[in-house]
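This briefing addresses two topics in turn: the pairing of strands into sheets and the surroundings of the bound ligand. It is intended to be read beside the sequence and the coordinates.

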Amino acid sequence: MSLAAFISDLDALAAEAATKFAAAADAAALEAARVEFLGAKSGRLKDAQKGLGTVGKDDKPAAGKKFNDVKAAIEAAFAEAQERAGAGGAKVAAGPPFDPTQPGLRPRLGHLHPLTQTIEELKDIMGRLGFTVAHGPEIEDERHNFEALNIPKAHPARDPLENFYLAVAGKVQGSGFGVQGSSSTSNTDPKNPELLLRSQTSTVQIRVMENQPPPVRIISLGRVYRPDTADATHYPMFHQIEGLLIDKHVTMADLKSTLRLFAGSYFGGEVHIRFRPSFFPFTEPSVEVDMQWNDRWIEMGGAGMVDPNVLRAVGYDPEEVSGFAFGLGVERVCARRHQVTDIREFYRNDVRFLEQF
Ligand code: PHE
């Protein structure tokens, strides 16, 4: 093969390669063109290299140089085409151009948990009846959870099995209960009180009355804890709404009409209230409160007239003032209104349940 023929073949190859690289529509076409020209085993450049052995001896250096130049040119053409495909390809993959006239995608908004919604609504209803919201800690001492509420040391409500006492190093907890036999532990020692997760929101009654003179008109909503096994109607943590009204001449009739207004506002429509005689150490008389809505009675919690011993424990004069208190289960009222049959649903955090509210 003459040097001239070798050179013209190579030039033709370079031109063809450049055209094909430039025309490749996508990455696959470009790759096919790369294999055709630059393929290591049977690429056309590789074929052309065989011509090197057929040119005359004197022409070899010139032919070699030409070959190297053309090889570099084809590689450069490929690199350039590849770069263009990279930049342009991304644009094609992104789909049609942005159209500002298309309707937007509505973001999925969450909402408050049904119990939180209930708590807010109950605050609102009681606020309209003149009750302000009071708060108390969830970790309590025995004075506020029991003693000032007229729950004496040996009372079964103080049993360690009925409460979440907190372990404090070197101390037997729940010693207020006689069975522990360690009643020498001074659970009334103000410097070293027994602590527990509060078992009722009645603790807040004491905290409020300790800090202000009568009259009092508060509600308190929050978590309470009892070591109950979880089932459809029990959970070791649940919420109560506590109400307390202290003034001159408060009667049981005030209690009943307050609860009736409250229930009527929350459930809507006619709600009947039924009191059944009961016992709580901190109220006298005490009642269980049932509410009837849509022809079904449901137990809502306890209530009663504040026991004179409780008034005395906070420095109030039972001859001067009287009052009522109630404590209702928030899960119960919420479940009743929404026909939830298992209160564990409130804590499973299953979005399919929660998004219904
Ligand atoms: N604290 C009582 C309970 O948890 C309910 C209650 C509150 C009863 C206020 C009377 C007065 O069962």
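In this predicted model, strands β3 and β4 (residues 195–197) run antiparallel and are joined by 2 bridges. Within this pairing, tyrosine 165 has leucine 196 of β4 as its bridge partner. The points below place this pair in its sheet, then turn to the second sheet and to the ligand.

**The three-stranded sheet**

- The strands β2, β4 and β3 form an open sheet of 3 strands in the order β2-β4-β3, with antiparallel pairing.
- β2 (139–141) and β3 (164–165) each have a single partner strand and stand at the edges, so each of them has one side without a neighbour in the sheet.

**The seven-stranded sheet**

- A further open sheet is built from 7 strands in the order β1-β5-β6-β10-β9-β8-β7, and its pairing is mixed.
- The edge positions are held by β1 (132–133) and β7 (272–280), each of which pairs on one side only.
- Inside the stated order, β6 and β10 are paired in the antiparallel sense over 8 bridges.
- Leucine 244 is placed opposite alanine 325 of β10.

**The ligand site**

- The ligand occupies the space of the largest pocket.
- The elements contributing two or more residues to the shell around the ligand are β6 (237–247), β9 (296–306) and β10 (322–329).
- β10 supplies the largest share of this shell, with 3 residues.
- In total, 14 residues surround the ligand, and the closest are Gln200, Ser202, Arg226, Gln240 and Gly327.
- Classified by residue type, the shell comprises 5 nonpolar, 7 polar and 2 charged residues.

**Polar contacts and coverage of the ligand**

- Two of the listed distances involve a nitrogen atom of the ligand: a polar side-chain atom of glutamine 200 lies 2.8 Å from such an atom, and an N or O atom in the side chain of serine 202 lies 3.0 Å from one.
- For an oxygen atom of the ligand, a polar side-chain atom of glutamine 240 is found at 2.9 Å.
- On its own the ligand has 320 Å² of accessible area, of which the protein covers 91%.

Notes: Residues are numbered from 1 along each chain as its sequence is written. This is a predicted model: local features need pLDDT of at least 70, side-chain atom pairs count only at pLDDT 80 or more; totals for chains, interfaces and linings use all residues. Side-chain values use heavy atoms; hydrogens and water are left out. A residue is near a molecule or strand if one of its heavy atoms lies within 4 Å of it. A polar contact is a pair of N or O atoms within 3.5 Å; within protein, one must be able to donate a hydrogen and the other to accept it, and residues adjacent in sequence count only if both atoms are side-chain atoms. Accessible areas come from the Shrake-Rupley method with a 1.4 Å probe; for residues, only the protein chains shown count as cover. On a 1 Å grid over the protein atoms alone, a cavity is a set of points where a 1.4 Å probe fits but cannot get out, and a pocket is an open set with protein on both sides within 12 Å along at least five of seven lines; lining residues have an atom within 4 Å of a point. A molecule sits in a cavity or pocket if more than half of its atoms lie within 2 Å of its grid points. Helices (H or I, at least four residues) and strands (E, at least two) are DSSP runs, numbered from the N terminus. Ala, Val, Leu, Ile, Met, Phe, Trp, Tyr, Cys and Pro count as nonpolar, Asp, Glu, Lys and Arg as charged, and the others, Gly among them, as polar. Two strands pair if DSSP finds at least two bridges between them.
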